[in-house]
Amino acid sequence: MKFVSAAHLTGGGTITGDLTISGDLTVSGGGTTMAYSEVLTGDMKITNALATTALEIESTTANGIALLIDQDVDRNSINIDSEATTYDTIHVGTPATTTGQVLRLYNCNSLTTGSALAIDSGSTSTGTRSLVIVENTAAAATGTTVMKLGQNSSGYLLDLKSDYDSGASNGAK
């Protein structure tokens, strides 16, 4: 393979064949459009220091999935490290969903002693807060059931526990 210096590519050009890059790759330019149909492997990072969206995925095909994560090892599939203090860590804004579910954990059939959903807070703040809020905010939605629970087996439908004496002042209202 013939070595071509960066100075030779400043006016543009085409690279044909396979390309191996040892080091960093930077793509820059006004209005740059990039199209990839290749598989990228290895550790990758998108860094954006501007006040814009770092990554946007837009799917315009009727049969397409916008994002598929296929995690084939026993590790977290998604890990979010957020420094947000007053904004939501995950926000689904005004979805167009009408008859489907906005968020669904489906076919969690491999569970043995795990849970489909676990919410944990170890905050020692004495400020008033709710760990879970489920609220219908539309008074005109008279057919809405706020929460529906079902149990098709002999286990508990609902198991409430408090480390304090039960009663209106300490556990249940």
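**Exercise 1.** In this predicted model, decide whether Thr-94 is buried or exposed.

*Solution.* Start with the relative accessible area of Thr-94, which is 77%. Exposed means over 50%, so Thr-94 is exposed. Next, turn to its backbone: phi of Thr-94 is positive, about 50°, although Thr-94 is not a glycine. Most residues other than glycine have a negative phi.

**Exercise 2.** Find the sign of phi at Asn-107 and place this residue in an exposure class.

*Solution.* First, phi of Asn-107 is near 55°, so the sign is positive, in a residue other than glycine. Then take the relative accessible area of Asn-107, 48%. Partly exposed runs between the 20% and 50% cut-offs, so Asn-107 is partly exposed.

**Exercise 3.** Describe the protein chain as a whole: how many helices and strands does it have, and what share of its residues is buried?

*Solution.* Begin with secondary structure: there are zero helices and zero strands. Now look at burial: of the 173 residues, 0% count as buried. Move on to contacts with a separation of 6 or more: residues 24 or more positions apart make up 0% of them. Finally, the accessible surface is about 17,800 Å², with 50% belonging to carbon and sulfur atoms.

**Exercise 4.** Work out which residue class leads the lining of the second largest pocket.

*Solution.* The pocket has a volume of about 740 Å³, and 15 residues line it. Nearest its centre lie Ile-90, Val-92, Val-102, Leu-103 and Leu-117. Sorted by class, the lining holds nine nonpolar, three polar and three charged residues. Nonpolar residues lead, with nine.

Notes
Residues numbered from 1 in each chain as written. Predicted model: local features only at pLDDT ≥ 70, side-chain atom pairs only at ≥ 80, totals over all residues. Heavy atoms only, no water. Helix = DSSP H or I, 4+ residues; strand = E, 2+ residues; numbered from the N terminus. Buried < 20%, exposed > 50% of the residue type's maximum accessible area, 1.4 Å probe, protein only. Contact = heavy atoms within 4.5 Å. Areas by Shrake-Rupley, 256 points an atom, 1.4 Å probe, with all protein chains shown as cover. 1 Å grid on protein atoms, 1.4 Å probe; cavity = no way out; pocket = protein on both sides within 12 Å on 5 of 7 lines; lining within 4 Å. Points joined across faces, edges and corners; volume = space filled by probe spheres on them. Nonpolar A, V, L, I, M, F, W, Y, C, P; charged D, E, K, R; others polar.
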